[in-house]
Structures are given as C-alpha cells and as structure tokens.
Amino acid sequence: MKSSPADLQEFRFESGERHTGPLHRHEYITSRYVWIHNTHVWRPPTDVYETEQSIRIQVEVAGMEHSDFSVTLEGRLLKITGCRKDHLERRVYHQMEIHTGDFLSEVDLPVSVDPNFIRAQYHDGFLLVDLHKIPESGGVA
C-alpha cells in the first residue's frame with residue numbers, strides 16, 4: 001500500500017512553527033513526502049500609548065465576546081490572541097475585507113510593567129489592555 005500525505009499517522013512534527021509575517025507554516029515530514037500546511041493568522045489594528053502611570057494597548061476587533069480573547073505577558077512581550085468566528089451560512093462575496101479566524105497581536109512594551117496588574121476590557125469593538133508601569137529606580141551615584 002502506498003502512503004500519501006493524507007496518512008497523518010505516519011507524519012511527525014518537525015521544527016515547530018516558523019513565523020513568516022502573517023502566515024504560519026507547519027511542515028510534516030515522512031520518508032517520502034513533505035506536507036506543508038499554512039494557517040493564516042491576521043493582525044488587528046493595534047495602538048500602543050503611554051500615560052504617566054501605565055502602558056495602554058487598544059486593539060480594534062469588532063464582533064467578539066470578552067471570552068474570545070487571551071492576553072499573556074512574557075517579560076516585555078504582550079501577546080493578544082483570539083479567534084473571530086466566520087459566518088455559518090454560505091456566501092458569495094463581491095468584496096471581502098473583514099478578517100475572520102485566528103488573530104495575533106504582539107507588542108514589545110517600551111518599559112517594564114507589573115505582571116500582577118493587567119486589566120483588559122472589551123467594549124464597542126475595542127479591547128483595551130492597561131498595564132501598570134514599574135517605576136524606574138533613578139538613583140544618583
């Protein structure tokens with residue numbers, strides 16, 4: 001019996017994800033085939049601004065619920081992920097600009113923030129994430 005790329009039992013995952021802009025690439029290798037699966041991950045419009053006390057991130061993602069988001073902080077990298085559901089009924093599009101499916105917004109924070117104080121709220125199509133800045137120790141030598 002010949003194997004084919006669809007015989008997933010024979011595949012092993014190799015090399016993890018490689019980020020190539022908005023496209024994630026997964027490679028599955030067998031002795032005969034390389035099967036490449038691309039997953040489109042879109043990036044919503046994201047603003048980052050600073051106040052005296054905090055760093056604020058505002059993400060424009062209409063049509064979602066508060067529970068559709070995941071916000072994680074790894075050092076000074078803030079990741080906002082989620083999935084905007086597609087329409088259930090079949091449609092014939094004449095123009096399509098509204099992204100659906102998985103999204104990712106990564107923000108390199110300009111200053112250190114307190115990982116114990118992160119507030120996120122979703123209202124009117126915007127996710128607002130508020131992070132308290134850690135005061136810089138500006139001691140004079």
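This is a short chat about the strands, core and salt bridges of a predicted protein model.

Trainee: How many helices and strands does the protein have?

Mentor: This is a predicted model. The protein in it has zero helices and ten strands. Read along the sequence, the pattern is β-β-β-β-β-β-β-β-β-β.

Trainee: What share of the residues is buried?

Mentor: Of the 141 residues, 27% count as buried. The accessible surface is about 10400 Å². Carbon and sulfur atoms hold 50% of that surface.

Trainee: Ok, the core. Which residues touch the most other members of the largest nonpolar core?

Mentor: Ile-57, Val-61, Leu-78, Ile-80 and Leu-109 do. That core has 18 residues. Two or more residues come from each of β5, β7, β8, β9 and β10.

Trainee: What is Val-61 in contact with, leaving aside neighbours within four places in sequence?

Mentor: Val-61 contacts Trp-42, Pro-44, Phe-69, Arg-84, Phe-103, Tyr-122 and Gly-125.

Trainee: New topic. How many salt bridges does a search of the whole structure find?

Mentor: Six. One of them joins Glu-50 and Lys-133, with the closest N and O atoms 2.7 Å apart. Glu-50 is in β4 and Lys-133 is in β10, so this pair ties together parts 83 residues apart in sequence.

Trainee: Is Glu-50 buried, exposed or partly exposed?

Mentor: Partly exposed, because its relative accessibility is 45%, and the buried class ends at 20% while the exposed class starts over 50%. Lys-133 is also partly exposed, at 21%.

Trainee: And where is Asp-68?

Mentor: Asp-68 sits in the loop between β5 (54-60) and β6 (69-74). Its relative accessible area is 18%, so Asp-68 counts as buried. The side chain of Asp-68 reaches the backbone nitrogen of Glu-65 at 2.8 Å.

Trainee: Which residues does Asp-68 touch, not counting those up to four places away in sequence?

Mentor: Thr-81, Gly-82, Cys-83 and Lys-85. With Lys-85, the side chain of Asp-68 also makes a salt bridge, 3.4 Å from N to O. Lys-85 lies in the loop between β7 and β8, so the pair ties together parts 17 residues apart in sequence. Lys-85 itself is exposed, at 62%.

Trainee: What about Glu-106, which residue does it bridge to?

Mentor: Glu-106 pairs with Lys-79, and the closest N and O atoms are 3.9 Å apart. Glu-106 is in β8 and Lys-79 in β7, so the bridge ties together parts 27 residues apart in sequence. Salt bridges with shared partners join Glu-74, Lys-79 and Glu-106 into one network.

Note on methods
Residues numbered from 1 in each chain as written. Predicted model: local features only at pLDDT ≥ 70, side-chain atom pairs only at ≥ 80, totals over all residues. Heavy atoms only, no water. Helix = DSSP H or I, 4+ residues; strand = E, 2+ residues; numbered from the N terminus. Buried < 20%, exposed > 50% of the residue type's maximum accessible area, 1.4 Å probe, protein only. Areas by Shrake-Rupley, 256 points an atom, 1.4 Å probe, with all protein chains shown as cover. Polar contact = N/O pair within 3.5 Å; in protein donor to acceptor, adjacent residues only side chain to side chain. Contact = heavy atoms within 4.5 Å. Core = buried A, V, L, I, M, F, W, Y, C linked by side-chain atoms within 4.5 Å. Salt bridge = Lys/Arg side-chain N within 4 Å of Asp/Glu carboxyl O.
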